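Me: Please take a close look at a single part of this structure and tell me what lies around it. Please then set that part in the wider picture, and say plainly how each term is defined.

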Amino acid sequence: MNFPVITGVGAYYPEDILTNDDISKMVETNDEWIVSRTGIRERRILKDKPTSYMAVKAIENLLEKTNTKPEDIDLLILTSVTGDRPVPCTANIVMDRAGLTNAYGFDFQAACSGFVFGLEMAKNYCMSGRYKKIILLGADKMSSITNYEDRNTCILFGDAAGCVLIEPSEDPTYGIIDTQMHCDNSGLENLNVKNGGSEFPLTLETLAENRHYIYQEGAKVFVKAVKGMADVCVEMMERNQITKDTLDWIVPHQANKRIIDATRERAGVDESKVMINIQKYGNTTNATIPLAIWEYEGQLKKGDNLIACAFGAGYNWGGAYIKWAYDPK
Ligand code: UT7
């Protein structure tokens, strides 16, 4: 059998930092409000380069750490809401620049749930037996769709990329054990980028309305996000007979510290078991989960029980139960 195992993790974040104080000079807000409502203190901003730049850097980091040759990768699954161009796939650009000469690859988009949806997808590709080294990558340059005159959204987002290597194993004990995705499609108007697609192509008039930037009814999304993230985390625990004591790590999408706290409370676990880095990066959309795993990798032990969970526009949400497969290297 080809059981899907995560064998490495890579990431990249840009050097430039945008602090809450910096944002307070752009819109009517302040550090105290942002920290207390979101947990975010600063975020990284990629200047003058596209999303693919961060994606290539994250892959280079992954290949180096796992001692893998770029030509040995046979599949790149890239999830992003801020691809370089509408056409071609950002995956094509990334494969070219990262030297993935023997891979096939593609982009898909599932808003902030992309990485967790991608775990389900990568799991199935791996189990098909046709792919031996799969990279699942989430990357977003959220600053490219953020309106820095809108205080409802500009405090939230940052730029980063993260990825994992997934390989088949004969041992069913470790790897991506279980996944569950959900959509209820009830939030189409509450979190979106209205213009720039086929419904409202960009014109000079639509540009002037700023509707090519991300828009969010924060309070409405918040209520659904708390429920979706917590529900799917508990769903994964119950279905896999994981208790608050045997759960080692929650890996939550980093959209708001209060949503993360609510998820943790529903799961009944201590804060020390939750990967949190929202204070440094904000919401990097498809990069949050791999970036968190990357930062905590040194604390992960073989056999640890991880549950990753995410919630995003649409609405959609999902969870993945991962049995970690290696000790710190
Ligand atoms: O990743 C995808 C999913 N996204 C999420 O999960 C995000 C979910 N939503 C949230 O995280 C929160 O709703 C926000 C952080 C976006 C907003 O926090 P909130 O506690 O829900 O605030 P609110 O939108 O209800 O606004 C409360 C007040 C309003 O003022 P009034 O109408 O009560 O006078 C806002 O105008 O806070 C005001 N406000 C701000 N004040 C200072 C909104 N943004 C700001 C700001 N600084 N940046």
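Reply: Contact, in what follows, means heavy atoms within 4.5 Å, while helices (H or I, at least four residues) and strands (E, at least two) are DSSP runs numbered from the N terminus. This is a predicted model, in which local features need pLDDT of at least 70 and side-chain atom pairs count only at pLDDT 80 or more, although totals for chains, interfaces and linings use all residues. Residues are numbered from 1 along each chain as its sequence is written, and side-chain values use heavy atoms, with hydrogens and water left out.

The part I have chosen is helix α3, which has 16 residues and covers positions 51–66. With the expected span taken as 1.5 Å times one less than the number of residues, α3 should reach across 22 Å, and the 23 Å between its end C-alpha atoms agrees with that. A residue is called buried when its relative accessible area is under 20%, exposed when it is over 50%, and partly exposed in between, using a 1.4 Å probe and protein chains only. By that rule the buried residues of α3 are T51, S52, M54, A55, V56, A58, I59, L62, L63 and T66. The cover over these buried residues includes the strands β1, β4, β6 (134–141) and β7, together with helix α4.

Just after α3 comes N67, whose phi is positive, at about 55°, although N67 is not a glycine. Most residues other than glycine have a negative phi, and most peptide bonds are trans. N67 sits in the loop that leads from α3 to β4, and with a relative accessible area of 74% it is exposed. A111 also has a positive phi without being a glycine, at about 50°, and is placed in the loop between β5 (104–108) and α5 (114–127). Unlike the exposed N67, A111 is buried, with a relative accessible area of 11%.

The loop residue P88 lies between β4 (75–79), one of the strands that cover α3, and α4 (90–98). A cis peptide bond joins V87 to P88, with omega about 0°. Another cis peptide bond links G314 and Y315, where omega is about 10°, and Y315 belongs to the loop between β12 (305–312) and β13 (316–323).

For a view from α3 across the model, L62 can be paired with N256: they are 194 residues apart in sequence, and their C-alpha atoms are 27 Å apart in space. N256 lies in the loop between β11 (249–252) and α8 (257–267), and its relative accessibility of 7% makes it buried. Not counting residues up to four places away in sequence, N256 touches R37, T38, F222 and I278. F222 falls within helix α7, whose 22 residues run from 218 to 239 and should span 32 Å; its end C-alpha atoms are 31 Å apart, which agrees. Among the buried residues of α7 are V221, A225 and G228, and the helix is followed by Q241, whose phi is positive, near 50°.

Helix α10 (residues 288–296) invites a comparison with α3, since β1 and β7 are named in the cover of α10 and also in that of α3. Seven of the nine residues of α10 are buried, namely T288, I289, P290, L291, A292, I293 and Y296. The cover of these residues also includes α5, β11, α9 (278–281) and β12.

As for the whole, the protein chain has 10 helices and 13 strands. Its radius of gyration, taken over C-alpha atoms, is 19 Å, close to the 20 Å that the globule rule (2.2 Å times the number of residues to the power 0.38) gives for 329 residues, so the chain is as compact as a globular protein of that length. Along the principal axes, the C-alpha atoms fill a box of roughly 55 × 45 × 35 Å. Of the 329 residues, 56% are buried, and among contacts between residues at least 6 apart in sequence, 77% join residues at least 24 apart.
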